[in-house]
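These are my notes from one sitting with the model. I wanted the annotated site first, then the ligands, then a helix pair further along the chain.

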Amino acid sequence: MIIAIDGPAASGKGTMARRLAAHFGLRYLDTGLTYRAVAQALMADGASLDDEQAAERMVRDVDFEAMDRTALSEHAVGEAASRIAVLPGVRTALVEQQRAFAEEPPGAVLDGRDIGTVVCPHALVKLFVTATPEARARRRTEEMAARGGSVTYDDVLADLRRRDERDSTRAVAPLAVAPDAVLLDTTDLDIDAAFRAAVDIVDAAVRSQDRG
Ligand code: CDP
Ligand code: CDP
């Protein structure tokens with residue numbers, strides 16, 4: 001059983017994916033972290049974020065099991081991740097690893113930008129989680145403040161808009177709603193309400209698979 005969750009930054013897809021994995025007894029992969037890890041390794045090496053060969057080498061060298069989630073959640077790392085995410089060679093190498101993870105029993109929940117469209121096109125359930133840019137910027141600003149960061153709402157909103165634009169317009173695997181995805185707008189939903197809605201969608205898909 002594979003559950004694919006896509007959506008723009010800070011839409012709540014990671015929180016939802018983690019809870020769905022626990023609820024249905026599945027493994028969980030935050031694919032955004034893999035792009036973030038490659039970007040951070042490149043920056044630490046002093047390499048350019050446009051250097052495709054160096055970035056592809058990093059995909060081989062980064063130990064994805066040992067990723068430091070706290071360091072990777074930094075604002076600047078998200079921006080850098082979206083820059084290296086346009087490089088086709090990086091995507092090919094990461095998608096291969098992500099697919100291998102998804103296909104191991106008993107199945108998995110993956111969240112990212114291209115899970116339903118590219119990584120797991122045959123997922124049992126595809127969710128596309130959205131919220132207005134303002135709601136997402138508010139959430140991300142609060143999240144950063146809780147961690148002791150000092151980014152302003154205006155900077156976060158500008159960054160999210162830039163990242164949405166870059167992620168949606170790149171040539172390879174842009175952020176897009178798969179034709180068979182269910183849209184879940186969480187602008188006016190708290191985490192519990194969004195999670196309940198997602199569980200109902202997955203339960204309905206499982207029942208329909210059992211019937212068919
Ligand atoms: O958590 P947040 O939504 O801010 O970002 P993320 O999911 O950690 O992803 C960081 C960046 O990696 C995104 O802006 C995308 O450019 C890229 N990404 C991607 O291209 N494909 C994925 N499956 C996941 C992330
Ligand atoms: O993975 P993604 O970047 O899409 O978002 P996230 O990390 O799951 O959520 C970003 C922030 O929004 C977290 O601090 C969540 O607790 C919060 N959130 C919320 O307030 N309401 C929701 N319905 C979903 C997430």
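**Entry 1: G7.** I started at G7, which sits in the loop between β1 (2-6) and α1 (13-24). The model is predicted, and I read every value with that in mind. Is G7 buried or exposed? G7 has 0% relative accessibility, so I logged G7 as buried. I then listed its contacts beyond the neighbours within four places in sequence: K13, G112, R113, F128, V129 and L175.

**Entry 2: S11.** Next I looked up S11, also placed in the loop between β1 and α1. Its relative accessible area is 0%, and S11 is therefore buried. With neighbours within four places in sequence set aside, S11 touches V129, T130, A131, R136, R139 and T186. V129 is on this list, and V129 is on the list for G7 too.

**Entry 3: the annotation.** I checked what the UniProt record says about this stretch. An unreviewed entry carries a "binding site" annotation over G7, P8, A9, A10, S11, G12, K13, G14 and T15. Which of these line the largest pocket? I found A9, A10, S11, G12, K13, G14 and T15 in the lining. From the same kind of record I noted "domain: Cytidylate kinase", again an unreviewed entry, for residues 3-198. Over residues 3-198 I read 57% helix and 12% strand, with the end C-alpha atoms 10 Å apart.

**Entry 4: ligand 2.** I moved to ligand 2 and asked which residues come closest to it. Of the 14 residues that surround ligand 2, the closest are A10, K13, G14, T15 and R140. A10, K13, G14 and T15 also belong to the "binding site" annotation in the UniProt record. For polar pairs, I found an oxygen atom of ligand 2 at 2.8 Å from a backbone N or O atom of G14. The side chain of R140 places an N or O atom 2.8 Å from an oxygen atom of ligand 2. A polar backbone atom of L189 is 3.0 Å from a nitrogen atom of ligand 2. On its own ligand 2 has 540 Å² of accessible area, and the protein covers 78% of that.

**Entry 5: ligand 1.** Around ligand 1 I have 18 residues, with R36, R91, R140, R163 and D167 coming nearest. R140 is thus listed here as well as among the closest residues to ligand 2. An N or O atom in the side chain of R36 is 2.5 Å from an oxygen atom of ligand 1. For R91, a polar side-chain atom lies 2.8 Å from an oxygen atom of ligand 1. I also noted a nitrogen atom of ligand 1 at 2.9 Å from an N or O atom in the side chain of T31. Ligand 1 alone exposes 530 Å², of which the protein buries 96%.

**Entry 6: E79 and D159.** Last, I looked at two acidic residues. E79 is in helix α5 (residues 75-84). I counted E79 as buried because its relative accessibility is 18% and the cut-off is under 20%. Leaving out neighbours within four places in sequence, its contacts are D159, R162, R163 and R166. R163 also appears among the residues nearest to ligand 1. D159 belongs to helix α9 (residues 153-169). At 4% relative accessibility D159 is buried. What does D159 contact beyond its neighbours within four places in sequence? I found H75 and E79. I also took one distance from D159 to R19: they are 140 residues apart in sequence and 27 Å apart from C-alpha to C-alpha.

How values were computed
Residues numbered from 1 in each chain as written. Chains lettered and ligands numbered in written order. Predicted model: local features only at pLDDT ≥ 70, side-chain atom pairs only at ≥ 80, totals over all residues. Heavy atoms only, no water. UniProt positions renumbered as here; feature names shortened; annotations may be inferred. 1 Å grid on protein atoms, 1.4 Å probe; cavity = no way out; pocket = protein on both sides within 12 Å on 5 of 7 lines; lining within 4 Å. Helix = DSSP H or I, 4+ residues; strand = E, 2+ residues; numbered from the N terminus. Buried < 20%, exposed > 50% of the residue type's maximum accessible area, 1.4 Å probe, protein only. Contact = heavy atoms within 4.5 Å. Near = heavy atom within 4 Å. Polar contact = N/O pair within 3.5 Å; in protein donor to acceptor, adjacent residues only side chain to side chain. Areas by Shrake-Rupley, 256 points an atom, 1.4 Å probe, with all protein chains shown as cover.
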